[in-house]
Amino acid sequence: MAFSKSTDPHLTLRRIERQHALIEELRRRRGAPRSARALAAALGVTARTVERDVARMRESGIPIRVQRGPGGGYLFDVRSNLDPIALEPDEVAALLVALVALGPTATESARSSMHKLTTALVDSAHPLPGDDRIPSPPPRDGAG
């Protein structure tokens, strides 16, 4: 399935934010299917928008399953804990750029990811001249 590419950066950014919110909504309900209508209500969009976003994400390889029939819907049934993974610096750079597009403080998971990735890139034994800062850890829920 081919998707049209938006030439409007604001529309693209809204789609990125919406798709992140969609994944977070599905992740919070791990194992429990959510209908397009329920997801649309939670995200403030139409069911058709949810269906298009899910199709785009599934085509990109994101493991969203479709459960058909009564009580069915979309599932993002992934592990709650991940094994450590090794990323190359260019892979980290790609993730950082994606986080910047999303907004590195848009959600707690974006904030935490940004911190972990930037900390992994900084060589604390050899800081850049004039910059001995390591990114501060993200605030915890309820802490301000």
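**Close-ups of a predicted model**

**View 1. Asp53, a buried acid paired with Arg18.** Asp53 is buried, with just 2% relative accessible area. In this predicted model, the Asp53 side chain has a partner: Arg18 forms a salt bridge with it, and the closest N and O atoms sit 2.5 Å apart. That pair ties together distant parts of the chain, since Arg18 belongs to helix H1 and Asp53 to helix H3, 35 residues apart. Set aside the neighbours within four places in sequence, and Arg18 is in contact with Leu43, Val45 and Thr49 as well as Asp53. For Val45 the C-alpha to C-alpha distance from Arg18 is 9.1 Å, with the two positions 27 residues apart in sequence. By the salt-bridge rule used here, the count comes to six.

**View 2. Gln19, next door in H1.** Is Gln19 buried or exposed? Its relative accessibility is 13%, so Gln19 counts as buried. This residue sits in helix H1, which covers residues 9-28. Which residues does Gln19 touch, if those up to four places away in sequence are not counted? They are Asp53, Arg56 and Met57. Asp53 turns up here again, having already appeared as the salt-bridge partner of Arg18.

**View 3. Helix H3 and its buried side.** H3 takes in residues 47-59, 13 residues in total, and reaches 18 Å from first C-alpha to last, close to the 18 Å expected at 1.5 Å a residue. Its buried residues are Thr49, Val50, Asp53, Val54, Arg56 and Met57. They span an arc of only 165° around the axis, so they end up on the same side of H3. Two of the names in that buried set, Arg56 and Met57, are also touched by Gln19. After the helix comes Gly61, with a positive phi near 105°.

**View 4. Glu24 and Arg27, a salt bridge within H1.** The side chains of Glu24 and Arg27 meet in a salt bridge at 2.7 Å, N to O. Both residues lie in helix H1, three residues apart, or about one turn of the helix. What about their exposure? Glu24 counts as buried at 13% relative accessibility, whereas Arg27, at 38%, counts as partly exposed.

**View 5. Glu108 and Arg111 in H5, plus a network elsewhere.** Another salt bridge joins the side chains of Glu108 and Arg111, at 3.2 Å from N to O. Why are the two separated by about one helical turn? They are three residues apart in helix H5 (residues 108-121), which means about one turn between them. Glu108 is partly exposed at 23% relative accessibility, and Arg111 is partly exposed at 24%. Salt bridges with shared partners also join Glu25, Arg28 and Arg34 into one network.

**View 6. Helix H4, buried on one face and exposed on the other.** The 14 residues of H4 should span 20 Å at 1.5 Å a residue, and the end C-alpha atoms are indeed 20 Å apart, so the two values agree. Which residues of H4 are buried? Val92, Leu96, Leu99 and Leu102 are. Looking down the axis of H4, these buried residues fall within an arc of 115°, so they line one face of the helix. Turned away from that buried side is the face with the exposed residues Asp90, Val97 and Val100. Following H4 is Gly103, whose phi is positive, near 115°.

**View 7. A nonpolar surface patch around Ile85.** Ile85, Leu87 and Leu95 make a nonpolar surface patch of about 280 Å². Ile85 is in the loop between strand S2 (73-75) and helix H4 (89-102). At 68% relative accessible area, Ile85 is exposed.

**View 8. The whole chain, for context.** Overall, the chain has five helices and two strands, in the order α-α-α-β-β-α-α along the sequence. Buried residues make up 24% of its 144 residues. Of the contacts with a separation of 6 or more, 51% are between residues 24 or more positions apart. The accessible surface comes to about 10100 Å², and 55% of that belongs to carbon and sulfur atoms.

How values were computed: Residues numbered from 1 in each chain as written. Predicted model: local features only at pLDDT ≥ 70, side-chain atom pairs only at ≥ 80, totals over all residues. Heavy atoms only, no water. Patch = residues over 30% accessible without salt bridge, like charges linked within 9 Å, V, L, I, M, F, W, Y side chains within 5 Å. Areas by Shrake-Rupley, 256 points an atom, 1.4 Å probe, with all protein chains shown as cover. Salt bridge = Lys/Arg side-chain N within 4 Å of Asp/Glu carboxyl O. Helix = DSSP H or I, 4+ residues; strand = E, 2+ residues; numbered from the N terminus. Buried < 20%, exposed > 50% of the residue type's maximum accessible area, 1.4 Å probe, protein only. Expected span 1.5 Å × (residues − 1). Arc of directions from axis to C-beta. Contact = heavy atoms within 4.5 Å.
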